[in-house]
Amino acid sequence: MPSLVDFHIHIDYYKNYEEMYSYFAQNKIYALFVTNLPEIYDKCKKLFPKSKYVRIAMGYNPQIAKTHRFNKTLFEKWLPHTKYIGEVGLDYSKEYFDYRMEQQRVFRYICKRAGEHNKILSIHSRMAERDVLNILKESNVRFAVFHWYSGPLSLVDEIIRNGYYFSVNYSMLTAEKGLKIIEKIPLERLLIETDGPFGKGSIASYNLQFIYDEFAKVLGIKDIKGVVFNNLKTLLNNQKRYEQ
């Protein structure tokens, strides 16, 4: 029987983070726990027990480039021990635009290493979608999931042609542009996330089933849970064939 999937959540940002971590095993929900720095990944690996349902991704959020240098040594230490890299990417919005060269430098390095070892990336691409896609392609990254994509509709088809996925959330579902993006994504490349605690429907009370029900209703897809679960299985099976 398919399980619910939350493909992008910041568990460490919840006040009751230990309860949140345990929640997924208790409810048999698969979750990708993204981190914003290699240092945070390091702490989380030591703090949280190994889980069948929660996978911790090692990240370097591009918004962090403003305040924190990329710890390459720690990144390389943990790289062989994780299948997932995230949250990583570029952010050219006004607050972070002046740091775009440093963002690009780090993202190119991360993508080069991820491409060499066929990791799965959870991608932040706000106002930098074309540069993100170009770097993924030039780095031979096979497995990437665009998280909370908000870029041009015209780029969606090219992202799909390169074999990448999208993780979409309730905030997108309730916004006109977000809904247009969701409707353009082929069902076989669709994953669902909360981006908790930042996305709608993930702060006051975490209710992933409600979000799936809303997707089913709006998109007219009865078995949205089965669709997402099978997409995750396909992604993992494809990645496994290349894993080193």
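Student: Why is His147 called buried in this predicted model?

Tutor: The relative accessibility computed for His147 is 5%, and the word buried applies to anything under 20%, so His147 counts as buried. The residue lies in strand β6.

Student: What makes strand β6 largely enclosed by the rest of the structure?

Tutor: Five of the five residues of β6, which covers residues 143-147, are buried, so the strand is largely enclosed by the rest of the structure. In a regular strand the side chains alternate between the two faces of the sheet. In β6, Phe143, Val145 and His147 are buried on one side, and Ala144 and Phe146 are buried on the other, so that both faces are covered.

Student: How do you know that β6 pairs with strand β5 and with strand β7?

Tutor: Pairing requires at least two bridges between two strands. Four bridges join β5 (residues 120-124) to β6, and these two run parallel, while β6 and β7 (residues 165-168) are linked in the parallel sense over three bridges, so both cases satisfy the definition of pairing. Looking at individual positions, Ser122 stands opposite Val145, Val145 also stands opposite Tyr165 in β7, and His147 stands opposite Ser167.

Student: What makes β1 and β8 the edge strands of the sheet?

Tutor: The open sheet has eight strands in the order β1-β2-β3-β4-β5-β6-β7-β8, with parallel pairing. Its edge strands are β1 (5-9) and β8 (190-192), each of which pairs on one side only.

Student: How do you know that His124 and His147 gather at one spot?

Tutor: UniProt, in an unreviewed entry, lists His124 and His147 under "binding site". They span 24 residues in sequence, yet no two of their C-alpha atoms are more than 5.9 Å apart, so they gather at one spot. His124, which is found in strand β5, is also buried, with a relative accessible area of 5%, and His147 is among the residues that His124 touches.

Student: What makes the approach of Glu87 to His124 and to His147 a polar contact in each case?

Tutor: The cut-off for a pair of N or O atoms is 3.5 Å, and one atom must be able to donate a hydrogen and the other to accept it. The side chains of His124 and Glu87 are joined by a polar contact of 2.7 Å, and the side chain of His147 makes one with the side chain of Glu87 at 3.4 Å; both distances therefore fall within the cut-off.

Notes
Residues numbered from 1 in each chain as written. Predicted model: local features only at pLDDT ≥ 70, side-chain atom pairs only at ≥ 80, totals over all residues. Heavy atoms only, no water. Buried < 20%, exposed > 50% of the residue type's maximum accessible area, 1.4 Å probe, protein only. UniProt positions renumbered as here; feature names shortened; annotations may be inferred. Contact = heavy atoms within 4.5 Å. Lists of a residue's contacts leave out its neighbours within four places in sequence.
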